[in-house]
Amino acid sequence: MDDLEKIRQQRLEQIKNNLESRSFPDSPIHATDANFDELISKYPVVVIDCWAEWCGPCRKLVPVIDALAKEMQGKIAFGKLNTDENQTTARKFNITAIPTLLVFKNGKPAGQIVGALQKEQLVERLNKFI
């Protein structure tokens, strides 16, 4: 019975670690060229806010994205990608206007939202991906 108990404990630990690694953050994750692929594949639905420091509409969107990260925790993970500092990823996804929200489902591109929309409009559009 000791061996069986050890196996059971190991399996419980594996399940616990897996759940912890998939838990959703309640605030946007800092996305970079280096961690981008890992970030979009870690959660079932990920929304990346592509922004720049100098962009007024991007700054307007900050509190909206922060609030959505809390409200949609467990459904959508949010990330923020500074396009000035991470030009490789910005070019890869043809980001020509900011703010742009890139939506990924199961690690694959699923949609794109351009512009600083109102919170209610974003929720309506994002709910389609859940």
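Leaving aside neighbours within four places in sequence, Pro99 is in contact with Asp49, Cys50, Cys55, Pro57, Cys58, Leu61, Ile113, Val114, Gly115 and Ala116. This proline sits in the loop between helix H4 (87-92) and strand E4. With a relative accessible area of 2%, Pro99 counts as buried, since the cut-off for that label is under 20%. A further marker of its surroundings is Ala52: the two C-alpha atoms are 8.0 Å apart, although the two positions lie 47 residues apart in chain numbering. All of this is read from a predicted model.

Stepping back to the whole chain, the model has 5 helices and 5 strands. Starting at the N terminus, the elements come in the order α-β-α-β-α-β-α-β-β-α. The C-alpha trace spans about 65 × 30 × 20 Å along its principal axes. Of the 130 residues, 38% count as buried. As for contacts between residues at least 6 apart in sequence, 66% of them join residues at least 24 apart. The accessible surface amounts to about 8000 Å², and carbon and sulfur atoms account for 51% of that. On the charge side, there are 18 positive and 17 negative charges, and their mean positions are 6 Å apart.

Now to the sheet. The 5 strands make up an open sheet with the order E1-E3-E2-E4-E5, and the pairing is mixed. Strands E1 (29-31) and E5 are the edges, each pairing on one side only. On average, neighbouring strands in this sheet are turned by 25° against each other, direction ignored. As a reminder of what holds such an arrangement together, strands of a sheet pair through backbone hydrogen bonds, in either the parallel or the antiparallel sense.

Both senses turn up here. Beginning at the E1 edge, E1 and E3 pair in the parallel sense over 3 bridges, and Ile29 has Gly79 in E3 as its bridge partner. The pairing of E2 and E3 is parallel too, over 6 bridges; here Trp51 is partnered with Asn82 in E3. Moving on across the sheet, strand E2 (residues 45-51) pairs with E4 in the antiparallel sense, over 6 bridges. Within that pairing, Val46 stands opposite Phe104, while Val47 stands opposite Val103.

Strand E4 (residues 100-105) then pairs with strand E5 (residues 108-114), again antiparallel and over 6 bridges. Val103 comes up once more in this pairing, where its bridge partner in E5 is Gly111. The hairpin of E4 and E5 has 2 residues between the strands, and Asn106 in it takes a positive phi near 55°. E4 itself is mostly covered, with 5 of its 6 residues buried.

What about E3, and how many of its residues are buried? The count is 6 of 6, so the strand is largely enclosed by the rest of the structure. Both of its faces are covered: on one side Ala77, Gly79 and Leu81 are buried, and on the other Phe78, Lys80 and Asn82 are buried as well.

Among these residues, Lys80 deserves its own look. This lysine lies in strand E3 (residues 77-82) and has a relative accessible area of 14%, so it counts as buried. Not counting residues up to four places away in sequence, Lys80 touches Pro28, Ile29, His30, Ala31, Asp49, Trp51 and Val62. Two of the names in that list have already come up in the sheet: Ile29 is bridged to Gly79 in E3, and Trp51 is bridged to Asn82 in E3. Asp49, another contact of Lys80, also appears among the contacts of Pro99.

Finally, the sheet meets a helix. Helix H5 (residues 119-126) lies across E2, E3, E4 and E5, and runs at about 155° to E5.

Technical notes
Residues are numbered from 1 along each chain as its sequence is written. This is a predicted model: local features need pLDDT of at least 70, side-chain atom pairs count only at pLDDT 80 or more; totals for chains, interfaces and linings use all residues. Side-chain values use heavy atoms; hydrogens and water are left out. Buried means under 20% relative accessible area, exposed over 50%, partly exposed in between (1.4 Å probe, protein chains only). Helices (H or I, at least four residues) and strands (E, at least two) are DSSP runs, numbered from the N terminus. Two strands pair if DSSP finds at least two bridges between them. Contact means heavy atoms within 4.5 Å. Accessible areas come from the Shrake-Rupley method with a 1.4 Å probe; for residues, only the protein chains shown count as cover. Lys and Arg count as positive and Asp and Glu as negative; His and the chain ends are not counted. The place of a charge is taken as NZ of Lys, CZ of Arg, CG of Asp or CD of Glu. Axes are lines fitted to C-alpha atoms, for helices over the stretch in contact, and angles run from 0 to 180 degrees between N-to-C directions.
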